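Good morning, and thank you for making time for this presentation. Please have the sequence and the structure open as I speak.

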Amino acid sequence: MQVRDRLAVLAAERDMTMRDLLKQLADATPTQAELQQRQAETVAFIRVHLVPGFNDEDLAAGEEIWESIHSGTLPVIGGSAA
Amino acid sequence: MSEIDDSTRIYPQTVLLDSSALLALGAGNQWLSRLLGAAAGRDLKVFTTALCLTAAVAERPLLADHIGGLAPIAVLDLTYSSASVSGTLIANGINWRHAQAVADARPSLEWPDGLTIVTTEPQAYTAHKEVRVHHLN
């Protein structure tokens, strides 16, 4: 099914126009500016409530943690590693 | 770990914080803060469950405000399916604080690889080899 046809089916099933469906999908996907704002707010919250010295090096370390999660190299017990 | 075909993955791999991890987060755990700080900039979600949150807040009531203030954390509801599986797990001996973590971390249609449980209590999951557990030091 072509993307346009699929969107038409999804919109019809929800009793929405394609325009409304596309707007809903777009609204649910944050822009880069919104992500930056969200990260700034999260970092500020962490500094105030959890880790006062949280800095850019911690963010870089966090990226490495996510890389290990996505690449399957995070040390785990059980599951498919059992 | 086994090879994972990314082309068939519906959602990217992520983790599930159990009640012990939530308490560690509230106590200022650096690894978790890093995980969440980086997640916020990439629209990545870190999950916990309704029962994990309940257990953690029961032990440390102020924790609810901390969890609620962190946008990357999403709480998985205790749905009919989760409640059914969790109840069965509890009947079979698992502590209620860990039951929904096991129920929701198992491989599913939504997460074919399952979710990795992050915990300071890995021994709580030794009877459940079907889930992956990361020991939070």
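Let me begin with a term: two strands count as paired if DSSP finds at least two bridges between them. What I am presenting is a predicted model, and in this model strand β1 of chain B, residues 15-17, is joined to strand β4 of chain B, residues 116-119, by 3 bridges, with the two strands running parallel. Within that pairing, B:L17 has B:V118 of β4(B) as its bridge partner.

From B:V118 we can move on to the next strand. B:V118 also stands opposite B:H134, a residue of β5(B). The pairing of β4(B) with β5(B) is parallel and comprises 3 bridges.

Which strand of chain A pairs with β5(B)? It is β1(A), and the pairing is antiparallel, over 2 bridges. Here A:I77 lies opposite B:V133 of β5(B).

Let me now assemble the whole sheet. It is open and consists of 6 strands, in the order β1(A)-β5(B)-β4(B)-β1(B)-β2(B)-β3(B), with mixed pairing. The edges are occupied by β1 of chain A, residues 77-78, and β3 of chain B, residues 73-76; each has a single partner strand, so one side of each is left without a neighbour in the sheet. As a general reminder, strands of a sheet pair through backbone hydrogen bonds, in either a parallel or an antiparallel sense.

I turn next to the interface between the two chains. Chain B contributes 41 residues to the contact and chain A contributes 29. The buried area between chain B and chain A is about 3,100 Å², and carbon and sulfur atoms give 66% of that area.

How many salt bridges cross this interface? The rule finds 3 between chain B and chain A. One salt bridge is formed by the side chains of B:R34 and A:D58, at 2.7 Å from N to O. In addition, 11 residue pairs are in polar contact across the interface, with both residues at pLDDT 80 or more.

On the side of chain B that touches chain A, the elements giving two or more residues are α1 (19-26), α2 (30-40), α4 (63-68) and β5 (132-135) of chain B. Of these, α2(B) gives the most, with 10 residues. By class, the residues on this side of chain B comprise 18 nonpolar, 14 polar and 9 charged.

Finally, a few words on confidence. The ipTM of the model is 0.87 and the pTM is 0.85. For chain A, the average pLDDT is 90, and 96% of the residues score at least 70. Within chain A, helix α4, residues 56-71, has the highest confidence at 96, while helix α2, residues 18-27, has the lowest, at a mean of 86.

For chain B, the mean pLDDT is 91, with 91% of its residues reaching 70 or more. Confidence in chain B is highest in β1(B), at 98, and lowest in α4(B), at a mean of 91. Where in chain B does pLDDT stay under 50? It does so over residues 1-10, for which the model has 13 contacts beyond four places in sequence.

Notes. Residues are numbered from 1 along each chain as its sequence is written. Chains are lettered from A and ligands numbered from 1 in the order in which they are written. Side-chain values use heavy atoms; hydrogens and water are left out. Helices (H or I, at least four residues) and strands (E, at least two) are DSSP runs, numbered from the N terminus. Contact means heavy atoms within 4.5 Å. Buried area is the accessible area (1.4 Å probe) that two parts lose on being put together, summed over both. A salt bridge is a side-chain nitrogen of Lys or Arg within 4 Å of a carboxyl oxygen of Asp or Glu. A polar contact is a pair of N or O atoms within 3.5 Å; within protein, one must be able to donate a hydrogen and the other to accept it, and residues adjacent in sequence count only if both atoms are side-chain atoms. Ala, Val, Leu, Ile, Met, Phe, Trp, Tyr, Cys and Pro count as nonpolar, Asp, Glu, Lys and Arg as charged, and the others, Gly among them, as polar. pLDDT is the predictor's confidence in each residue, from 0 to 100.
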